[in-house]
Each structure stands twice: as structure tokens, then as C-alpha cells.
Amino acid sequence: MAYVAPVHKPTSIRHALRIRFLSPDHEDLVVAKANRLEIWRLTDDGMTCLHTKLIYGTISMLQRLQPKDSEMDLLFIGTDRLQYFNVAWNPETNQLDTVEQTIEDTAEPYMRHSQSQNKCLVDPTGKFMAMHLWEGVLNVFRLPNRKGATTKLVALDQVRLTELWMKASTFLHSRTGHPRIAFLYKTQLDQEEARIAVYRLTKDDRGADVSNFDPHRERELDQVIQDPYASMLIPVPIVEEKRYHVRNNEGARAHLGGVLVVGETLLTYFDSLTYSSVSSALQDPKIYVAWAEYDGVQYFLADDYGRMDLLTIETTMESTGVVVTGMSVAPMKFQDSTTLTSRASSLVYMGDNTLFLASHHGDSQLLRVDVTSRTIILVKTLSNNAPILDFAIMDMGNREGDSQLGNAFSSGQARIVAGCGAYRDGSLRSIRSGVGLEDEGILDEIQGTRGLFTLCSHGSTKVDTLVISFIAETRILSFDPDDGIEELYSFQGMALDKETLLAANLPSGYLLQITPQSVALLDPDGGVAVSTWDAPEGKVITAASANTKWALLAVDGSTLVSLNLLNNLTAVTKDTTGASTSGRLDQISCLHAAREPQDLGVIGWWTSGTMSVVDLACLRPLHGESLRQTEDSASVPRDIALVQLHPPDVAGPTLLIALEDGNVVTFNVSVRGFTVSGRKSVILGSSPARLHILPQDDGTCNVFATTEHASLIYSAEGRIIYSATTADDATYVAAFDSAAFPNSIVLSTDKHIRLCHVDKERLTHVKALPVQETVRRVAYSPGLKAFGLGCIKKELIHNEEVITSTFKLVDEIIFQELGKPFVLNASASLEMVECVIRAELLDSSGTPAERFIVGTSFITDDDTTEDGDTRGRILVLGVSEDRQVHQIVSHNLKGACRCLGVMGDYVVAGLSKTVVVYSYDEETTVSGSLQKVAAYRPASFPVDLDISGNMIGVVDLMQSLALVEFIPPRDGARAKLEERARHYQPGWATSVCHLDDDRWLEGDAQGNIIVLRRNLEAPTEQDRSRLEITSEMNIGEQINRIRRLHVAPSENAIVSPKAFLGSIDGTLYLFGDISPKYQDLLMTFQTRLQEYIYAPGNIAFDLWRAFRNQTREGEGPYRFVDGEMMEKFLDLDEEKQELVCDGLGPSVEDMRNVIEELRRMH
């Protein structure tokens, strides 16, 4: 039983429009991100998202309809499942309401899908609509004029067109109110040309009968465009004028109001009354992909390379009206003279000199434009991870390749490094969900910090002093309310010539300072020590903690000291040698004096790996607990804290213990009986975490855990949340609520100290390295601590497109490029990177060494010839000590190398028609060879492969998954590749991943994900050779890459995470297995929940998630649970939640807890 949920939502925007939707007074921006609809409103400093709605289907159309006598517009939505519906905003419920029943497509079986994507057109009045869905067919709808039914679309007709191969179409602005439609088309599929035709949409004035679209009788314009590559039509509004239509149009001049045909080299304008034309040549050839109207004569044009131009229709005023004399195009520039934006998929002019650029290939941008000076200012960027072409998983407490495994999972601990975007918008991105830290100030060149403490100076009510401890000194920084910072060389009598273990203000007004030699209570008024306690001669204080009543110290790790801060540092001492809970010789590893209750202290022990709760008044142990769960465990507590994480009315204090191996163990503490219970463990890294307490205004505390991947531990809805943060390099952290920096924290790193503001909730954080090339492949090397990237660069040189492909090495932390790129240039025309993997292969001395293996293909022009019959290569690359990439092996192939894998010492390659196993032999550091050992011929074309032991899973371009076993050479017999099992249903696969044992996960081009299993216990050989589907579902997005997650399963986990999936729309999905005892419950729960969840268009959940490809369509998701659907339970009111759970077994509260636990995973 399978589970899938989005970890990071889709970010690609393909459709966007301006609409008066939420209120009559504002025109807002509606964007479509895969199956999500978002409504944004422009603000003075950018834009803000007002509403997000999930649509049951991938959005393929968005249009604005304007009902008669209505102040608000309707939003028309079409999905890839050929379902179409109108939605309107309901201000009472603040939700989208479906206006009418969904329109189902009534296509005949013989109809062919349109060659280009489905398209929907609305005429300028917003009343008529036409849809291109099938080749040579036009579906026509209209909004009625009668009162009471003006919002319901009426289907007028489905008419045949002789224009089969449509390049573009648009409604024209009408002088008479009769809608007219223009088509840009070609007459032959395999030959490039451009012709324009214009028809009236309806036969009469009433608009009830659709024209026959007869090319001989009803075609008003039929002309060949001189630029055969023209692909865009722009309707030009009509200027109010009195013009008379005469029969003899000879000599008539083109007036403003018509249609503009945009080509690669030529602009052609047609007057919509006389069809007189004007042409203007482009100075440089350009491939325009999107446009937006600024006013009636100026238009923004975006091209395929991210350049933005301003098109101006040049006019003169004559007695007959406004006459068009030509068109000119001029580039728009940023203020720094750069000209490139993201590659646009859609442009929307929002008015007030604001332009929204929606992008699928790069970040979407909100731009402020000035058409007079032709300048652009970037106002806001919407980060876009699409398309995710490849990715690597890091930071699971273990990096891939390490053996250590965690025993709990949260996707916030996973850093996914992905190759995102295309061409100039290409980037390498670190994607992580976590709590963000916004820098407010940086104190540079402060290194070697050993502790941070914040104080209030004498008479101050706010924190204004920062104490920074170093190994041999203490420094003091004072902050004034106006952001001024000053270093103080004396402060209230503190000893600044030694390390400070603790500094704190006490309620009595005194200042507490603990150094390795002594404890002092200082009077801030005169800077005089009121009380002191010195460590015994020859001994030092190794650990210290304090609350408002007690200071708890460890002296030389063997003596425990409790000092009463309210009674002149009266000391209680206890020799702990042999006094731990185990009774053996032991030492104190960490300690903590609790804030509440004040008389409790907690201590961690080195040798025994235990913890004790003690009474601070007498140091009597109250409770002990072993932290080691197995006899051979060597877990050692390294930091410990007893804090009120949850609100006091929800739960008591929580004990957190950071262990040597990177785990953090939590216990619930009962204050009455001083007992601990409810042990839970979460891995936060591979090194021990430091626990820093951040008090909150409501009396609770958050805990900032610093390890190699810092986390914020806090309470939400009665649960402990472990959230990754963006402060990976933090070493020490302290709360810093000052006048100049309210509600902030101060944190130190190895290089500096930063003042930061902490986000209130967990968000997706993206750190991008702009590569400005397509990062097609990503491979991570733990040994080199670097990524190997396979890149493709597209650039214009003297108006000629030049494409180059390279292999690059990039540092894992700072994403800095290392060494020089390795250029792939063995082909006479173009060598393209196809796959990159990291492998550990034996070097010339027989020791394992880090290597990158690159597969390439040669893209040849018809008029170029390659040397011999080489059509691709396999390269083995090494990295020298100075981080330079060098070639060891170049193995020529007769076809492209599409995918690679490593099986022990063998290299497995998916070539254009075969799967081949090679043995690798490295002769010197710069030479070696690949020898063919065995080969297998798949059905057509191997697209991806994954390896488990000696079993190779190969997905074919058209024939789904085949399992091939490698039989090594033995007793003189040659090695063989033998097919053991196959999935016999056709499938246009894109990626495959081995899950466990005999189960494999496959993704295909139609957005389906299926789990396939080989049944080795089947009675016949034929059954054993047939892969059976155990789960299947459609997620509506093509999956480009699936990566296995290496996480140890937890006994009590509801879902065991197995893999991440990266999609073409920038979504990252988490795939997991449901525990057997929860399978029936979650499936039944999902079925019941559907009845209570409203989806726009009233589309059925089962229909949306059903498997679908060219050969088969399912009835619903099969043995698959949709995590996003489950989370909607939490949005229901109490009454509906009870109805869903009625008769289910578990209570509403139990199901809430189950969903919360699933939610915490991603």
C-alpha cells in the first residue's frame, strides 16, 4: 500500500490573467501552477497571495468571462482531463463557487488531439468563447443576455474547420458587435508556412447560429504571410472613428483596428475593415513567445532568449482616421543596462506600468515598466524550481554513501539539491522546508566564539548588551536604541580576561558570571562582587547552568556543586564518582538547571550513557534513565535541557537530550512524581547538537539545536515540531529582544556573528546558484564533497544559436564552481550530456577512488558527418587534489548513452538500443578502458535504469519496466544478462527506482506513478516473469527523476518514507509505504473524506487520481493514499470531522493525531 504527498508545491506558472474577481474595485492576478489556482493582489511594494485553491486536474486553460450587467468577472478553467467549468467568488464564504455543472468533452473516437496544446479564446466583449481541442474542430459557447442566467455558458455548436494545423488564433475587436475570429495556420504538417484567415463567428445579429466556416463563402481574409515562421496573432483595438466600408478597397490605407501577425523576421498588420496590410521587417530575427498589450498601439513582446521588446504601431492622423504607417520594435532594458528577463510563458499587463511575467523555465517576475525610457525595474520575484530535471538527496543525518541511518524522518532534515530551469534560467538549487532566518545585521571578523549571552545594562528594561565568550577572554558589545554598536572594555565588574561559561541577569538585580575558576554575583551599580565561590585549587568548572534560584556546576567533571543564588552562593557539593544511576565510576558530560520547576536539575553521564534528575537543594537523585536502548550502544548525552515546550495547560515540561550520534531524545516529565515517560528520538545530524533555549512571550520556550544542520524545536498543536532552519553554519544562539532589534536572536558562526529575525512558520527555502545553463544532470560525491553537473548552454552569437555541453564540479556548501568546466566537444556538430553518475571505482593502484561517469550523445546535422560511426561516448572522469576534472577513459559508442549505473566493479549503460555491462580497468591516473562483458536488448529504447544487487530494472520508452539479472562469468562461462520479469502493459516511462526486495517504482510521461512487484512465490514460471501492479495513481505531472531514500524504518511509523520524486512543474513528492496495520484505516478514511471535500467544478477525486495513458484508464487510485487529500480533514469543521469518523473506529482526536503525524513528515 503506497502513500504520496507533495513536500514542495508546484512553482511553474504556465497560465496567468488579469481579472476583476474578488471585488469590483480591484483587478487581481490569477495564476495556474499545475493543479493549483492562486489569486494575487498587487501592493505598493510588490504583490501578496490572497487565496490558493486545489483543482482536481492539471489546469490547461484560464480565461476571463464578463457576464452582462455584472461588476465581477467569471473565471473559466479547463483541465487536462477535458473538463471545463466556470467559477465565481463567493464573498460570504471566501471560497470559489462553481457556477454550473462541469462541461464534459464530447469527442468522437475518430477525432485527433490538436497538434499544439489545447487553447481557449474569449472575444473582447467577454461573451463568446471558442475552444480548439481537436484537429479541425472548433467548439463555440456564449454567455446568454437574458437576466437570471447570464453566468451559465451555453454550447452553441461544434463546427468543422478546413484549417487543420493551427499555429495561432484570436478574436478580433469588432466595430459592429459581431464577433470575428482569425486563424494563423499552415496547409501541410511537414512544411513550414503561415496563412491567415478571418471568419465571422455567427451567421446573424442574434449570435445564436454559428457560421459554417466555409472557406469559399465565409472566409473574409485569406492571405499567405511572407514570413513562414510567423506564429503569433495580436488583436489591435479599434479607435473610435467614423469610417465607411466601400466595395472598392484598392488604394485604401490600413487604419488602426485589426490584427498583427508576428513572425521571426517580419511584422504584418491587417486592418479588420478593408484588410489593407502594412509590413515591417525586424532588424534582428527573433522568436517571440508571449505578448501583452500596454495600450492600443504599444505592446510588450518576450522572446525565447528572455529579451523583452516594446512593439510600437506607428500611426498618422488623416482625414479618414488613424492610419498605420508601420511597426517598430525597440529593446527594453534594466537600469544596469542588462536586457534579459526570465523566459516568459505568459505576459500580463496589470495597469499602472506594472507587468507580470509568468515563467515555466525560470523565476516569475513582477516588473515596473517605463515605456518612454524603455526601462524595466524588478519589483518582486516568485521563485520557481521547474522543471526539476535531476536531483540528489543530502543531509538525512547521513549523506548518501554513509552507513549511519536515522530512526525518525522529517523532510525538513532532507536537503534536496536539484538541477532546475532551462538554458539561461538554469540553476542548481538547494531546496529545503524549514524556518527561515532573515539577517538584520552582521558583525564580521568575530571568530572562535565559545558562547553568547545577552544582558540588560543597569536601569534598562530591554536587552542591550551582548557577552561574547572566547577561549581566553570575554568581549562586551553594547547596543543603543538607534542601531549603534559600541565595544565596552569594562562592564559591571565582570572578569573579561578569561572565558565566560555563563552570564545572566537575576531578578534580585545582581549579575551572575561563571568562569572556569569562579562564580561571582556582581552589583551592577558599583561593579562590586557581592558574593563569590571559587573552584577548589587545581580544579576547573567544566559545565555550568543557572536559573533564577540555583546555579548548577560540574567541577572537573566529577564533582557536582549547587549554589543558592538567593543566599550568598551557599554551596552543596557532591562527589559524583560512582554516584551515577549505574553505580559505576562515571563523569558528568552535561547538566542543566531547569527554569520551571526551579528546584530541578538534570545531569547527563559519560560512561553509563544515563541521565539523572536531581533536587538542586540537596543534590539528591530523584530519577534515573538509561539512554542506551541496546547493550552494544555507545550513546553519550552531550547536552541536556528541561524546558516548557508546550503551553502549561497542554502538557508538563519536556526533557531534551542531545546524544553523541546526532540523535535528540525527548521525554515527557511529570513534576509531581519527577518521573519521565514517552521517550521519542529524532536524528538531527551526524554530530552532537548543542541546545540553546529561546524563551517566548507566552511562557513557553523554543529550543535551537545547532549541529551541521541547525533545527528549531518548538510546539505546535500539542506536538513537538523539528524544523530545519536556514542557519546551517550556526554554532551558538541566544535570544536578543532589544529596542533596535525586537524579537530577534543572535547567532555565531565560525566566521562572524549575525542578528536575525526568525520566521513564525515553516516555509520552503531555496538557495540558488545561477548557472545560466540547463543543469540536466546532478551527481553528488560524498568523498569529494562536491556535485558533478552535466550542463547545456544555449547562447546567441552574431544572431546564430550556439549550443555547448559541459561537465562542471561545484562545492556542496557554498555552490561555488571548482576548477574549469570539462567541455564535451568530440562531435563535429554537437555532443550533448545525457547522464552523469558518481561511482567508487578501483584506481590504478587497486584502491577505491571517487569517479564521475558521463554518458553523451552526438546530435548531428544532415550535412555533417562524424568520424567513423560514433554516435556517443562514455567518459570516466577523475578529480585531482586541486579540484580539477581530468579524463581517464573515453569510450566511443555507436549510439547515445541515455542512462548509467554501477554494479560492484561493473558499469551498466543504457545505450540507444541495448543495455550493456562493462568491466572497468584503470591503467594509470589518466588512462583506462571499458570492456563489454554482457548485453541485453530491450523492447525499444532504454530511458532509465536502477540496480539492486545483480538485478537491473530498465524502463523502456514505450514498454514499461523489465527486470534483467546479471550473471557474472563463472567457471569459464561468459557473463550474461537474462530477463527475469517484465511489465507487459505499454507505458511511456520516464524514471524508475528500486524500493525494496522485489518492488519497483515507475513514473511515466502522463503523470502516472505505479508500484510493480515481482511475485517469486507464484506457482508457474510465466507468473513469476510477469510484474504485477500493487499500487497506481495519476499525480498529473510528469516525473523526471525518482531517488531512493535511505532511512531506517521505525516500528511505530504510520508511513515509511521510501523515495523522493521530482516533477516537470517543480513539485517534489514524498513516496512511502503504509504500515500494514494502518492500510485499511487510511484507505477507508480517504474514501469517506471525498464526500465532504468540495472541489471546484465538482470533479470526482477518483476520476482525478485514476491511472490514465493512451491504452488504459482506471476508475480511481488503486491502493494509493493521497497525503494532500488526507490533510484536508484538518480544514473541516468539527461536525464534518465527526461524520467522517463515524463508525470508522478511531475517534476524531485519534485521526487528527494520525494526520498530524503524516503532515510532520513533509
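Q: Why does Lys186 count as buried?
A: In this predicted model, Lys186 has 13% relative accessibility, and buried means under 20% relative accessible area, exposed over 50% and partly exposed in between (1.4 Å probe, protein chains only); Lys186 therefore counts as buried. Local features need pLDDT of at least 70, side-chain atom pairs count only at pLDDT 80 or more, and totals for chains, interfaces and linings use all residues. Residues are numbered from 1 along each chain as its sequence is written, and side-chain values use heavy atoms, with hydrogens and water left out.

Q: What makes Lys186 and Glu192 a salt bridge?
A: The closest N and O atoms of the pair are 3.7 Å apart. A salt bridge requires a side-chain nitrogen of Lys or Arg within 4 Å of a carboxyl oxygen of Asp or Glu, so the pair qualifies. Glu192, at 34% relative accessibility, counts as partly exposed.

Q: Why is Cys835 not assigned a disulfide with Cys897?
A: A disulfide is a pair of cysteine sulfur atoms within 2.5 Å. The sulfur of Cys835 lies 4.0 Å from that of Cys897, its closest cysteine sulfur, which is too far for a bond. Cys899 is likewise in no disulfide, the nearest cysteine sulfur, that of Cys835, being 6.5 Å away. The structure holds zero disulfides.

Q: How do you know whether Cys835 and Cys899 are buried or exposed?
A: Cys835 has 5% relative accessibility and Cys899 has 3%; both values meet the criterion for buried, so each cysteine is classed accordingly.

Q: What makes Arg14 and Asp1065 a link between separate parts of the chain?
A: Their side chains meet in a salt bridge at 3.4 Å, N to O. Arg14 lies in the loop between β1 (2-8) and β2 (15-23), and Asp1065 in the loop between β83 (1055-1063) and β84, so the pair ties together parts that are 1051 residues apart in sequence. Strands here are DSSP runs (E, at least two residues) and helices are runs of H or I (at least four), numbered from the N terminus. Arg14 is partly exposed at 35%, whereas Asp1065 is buried at 5%.

Q: How do you know that the span of α2 is close to the expected value?
A: The expected span is 1.5 Å times one less than the number of residues. Helix α2 has 15 residues, for which 21 Å is expected, and reaches 22 Å from its first C-alpha to its last. Among its buried residues are Tyr1078, Leu1082 and Phe1085.
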